[in-house]
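Please look over the sequence and the model shown here before reading on. The paragraphs after it go from the interior to the charged pairs.

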Amino acid sequence: MQATRLTLICHAATPAQKYGRFPDNESVVMDWQAAALSLAERYKKNLRLVHAPEARAWQTAGLFGCEAVVEEALRDGNFGNWKGQAISELDSDALMDWLTHSGSSPHGGESVDQVCTRVAQWMKTLETQPGHIVAITHPFVIRAAMLHVMQFPLSMFYRIDVEPLSATELRFNTVWRLRLETHA
């Protein structure tokens, strides 16, 4: 049986990230149209290119190819009434509750638990889909995928940093594995 290869790529940087704000449906800060297809040769042609529905994800997907398909399971966490707000403007007790309790959602959106469950369910569907999937998504989704693969407790969620345009390689061949690659 052929293995499933999942490459998770974080979308390019956004103004919200630059200014410490919760994301909304903002665009990336780079000239993504001029850079379109600039990374298309990074991966072999026989892949499935999918992306989250937000503008920053589909714009980034354009760097890798023009045949990308929206995958709803890759959508960013729903930050409810915190969308677009600066972290410094939030009630510190509510923010601390959210950062320390994975089931908490003081913003009225999704909890970390809910994001992790959604991502794990999507990854389960990939186990019977061999081949290479390149998925453009968000730091929250990539963190959730890593917790699922490594079987880390949800308390480790905020200990994973995901940089813009970073790639995370995961493989499934009876079990999920994290694969660290060199690009030398």
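What follows describes the nonpolar core and then the salt bridges.

This is a predicted model, in which local features need pLDDT of at least 70 and side-chain atom pairs count only at pLDDT 80 or more, while totals for chains, interfaces and linings use all residues. Residues are numbered from 1 along each chain as its sequence is written, and side-chain values use heavy atoms, with hydrogens and water left out.

The largest nonpolar core (buried Ala, Val, Leu, Ile, Met, Phe, Trp, Tyr and Cys residues joined through side-chain atoms within 4.5 Å) has 45 residues, and those with the most contacts inside it include Leu 6, Trp 122 and Ile 136. Among the elements that each supply at least two residues of this core are β1 (4-10), α4 (112-126) and β5 (167-172), with helices (H or I, at least four residues) and strands (E, at least two) taken as DSSP runs numbered from the N terminus. The largest share, eight residues, comes from α5.

Val 141 has its place in helix α5 and counts as buried at 1% relative accessibility, where buried means under 20% relative accessible area, exposed over 50% and partly exposed in between (1.4 Å probe, protein chains only).

Salt bridges, defined by a side-chain nitrogen of Lys or Arg within 4 Å of a carboxyl oxygen of Asp or Glu, come to a count of six. In one of them the side chains of Arg 5 and Glu 169 meet at 2.9 Å, N to O; Arg 5 lies in strand β1 and Glu 169 in strand β5, so this pair ties together parts that are 164 residues apart in sequence. Arg 5 is partly exposed at 21%, whereas Glu 169 is buried at 6%.
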